[in-house]
Amino acid sequence: MKFEGSYEIAASRSVVWAILLEDGRLSSLLAPEFQLKKAGNNKYEGALHIAVGPLRGAYHGHWAVSQLVEPETFQVDFEGRNDQGSLTGNGRIRLEPHNQTTIFHYKGEASGDGRIATLSPRMV
């Protein structure tokens with residue numbers, strides 16, 4: 001499954017970068033469905049809550065941030081599991097300055113096993 005999107009943040013790129021990887025900030029920027037806590041240098045633990053048909057539930061796991069190019073971009077790798085199966089994937093975050101705001105771009109891929117793997121990608 002591929003995912004991609006972007007949205008505008010009412011702050012400069014340098015401000016967004018400065019707070020982005022603080023405890024809880026990454027998850028609040030990605031979506032309220034994420035609950036991440038810092039677990040070390042560029043490592044996080046937490047849950048992704050999904051409420052889409054048969055995938056409903058929380059997937060608990062680990063996130064790692066790497067390939068940081070301040071203040072432009074970084075890589076995110078994740079793995080999560082619940083009683084329905086597991087999710088793994090990676091993505092790229094890119095911050096684009098735009099006037100007095102920042103465009104937050106994200107793009108990545110995820111795959112799963114267990115019950116998740118039996119679903120059509122269009123359902124997810």
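Is Asn82 buried or exposed? In this predicted model, Asn82 has a relative accessible area of 13% and is therefore buried, since the cut-off lies at under 20%. The residue belongs to strand β5, and its surroundings make a convenient starting point for a walk through the structure.

Once neighbours within four places in sequence are left aside, Asn82 is in contact with Gly57, Ala58 and Tyr59. With Ala58 there is a specific pairing to look at: the side chain of Asn82 reaches the backbone oxygen of that residue at 3.4 Å. A further relation across the sequence links Asn82 to Ala47, which is 35 residues away along the chain, while the two C-alpha atoms are separated by 9.8 Å.

Stepping back to the whole fold, the protein chain contains two helices and seven strands. Their order along the sequence is β-α-α-β-β-β-β-β-β. The chain has 124 residues, and 38% of them count as buried. Among the contacts with a separation of 6 or more, 43% are accounted for by residues 24 or more positions apart. The accessible surface comes to about 7300 Å², and carbon and sulfur atoms hold 51% of that area.

What of the interior? In soluble globular proteins, nonpolar side chains tend to be buried together. Here the largest nonpolar core has 17 residues, and within this set Phe74 and Leu95 touch the most other members. Two or more residues of this core come from each of α1 (13-20), β4 (57-69), β5 (73-82), β6 (85-98) and β7 (101-114).

Strand β6 offers several polar features as well. One of its residues is Arg92, which counts as partly exposed because its relative accessibility is 27%, a value that is not under the 20% limit for buried and not over the 50% limit for exposed. Beyond residues up to four places away in sequence, Arg92 touches Gln67, Thr73, Phe74, Gln75, His105, Tyr106 and Lys107. Phe74, one of these partners, is also one of the two residues that touch the most other members of the largest nonpolar core. The side chain of Arg92 makes polar contacts with two side chains in this neighbourhood, that of Thr73 at 3.1 Å and that of Gln75 at 3.4 Å. Arg92 can also be placed relative to Glu4: the two are 88 residues apart along the chain, with 9.4 Å between their C-alpha atoms.

Ser86 lies in strand β6 too. At 12% relative accessibility, Ser86 counts as buried, and its side chain makes a polar contact with the side chain of Asp113 at 2.7 Å.

Where, then, do charged groups pair? Side chains of opposite charge can pair when their charged atoms come close. A search of the whole structure finds one salt bridge. The partners are Glu96 and Arg94, whose side chains meet at 3.9 Å, N to O; this pair qualifies because the cut-off is 4 Å. Both partners are partly exposed, Glu96 with a relative accessible area of 29% and Arg94 with a relative accessibility of 40%.

Notes: Residues numbered from 1 in each chain as written. Predicted model: local features only at pLDDT ≥ 70, side-chain atom pairs only at ≥ 80, totals over all residues. Heavy atoms only, no water. Core = buried A, V, L, I, M, F, W, Y, C linked by side-chain atoms within 4.5 Å. Buried < 20%, exposed > 50% of the residue type's maximum accessible area, 1.4 Å probe, protein only. Helix = DSSP H or I, 4+ residues; strand = E, 2+ residues; numbered from the N terminus. Contact = heavy atoms within 4.5 Å. Polar contact = N/O pair within 3.5 Å; in protein donor to acceptor, adjacent residues only side chain to side chain. Areas by Shrake-Rupley, 256 points an atom, 1.4 Å probe, with all protein chains shown as cover.
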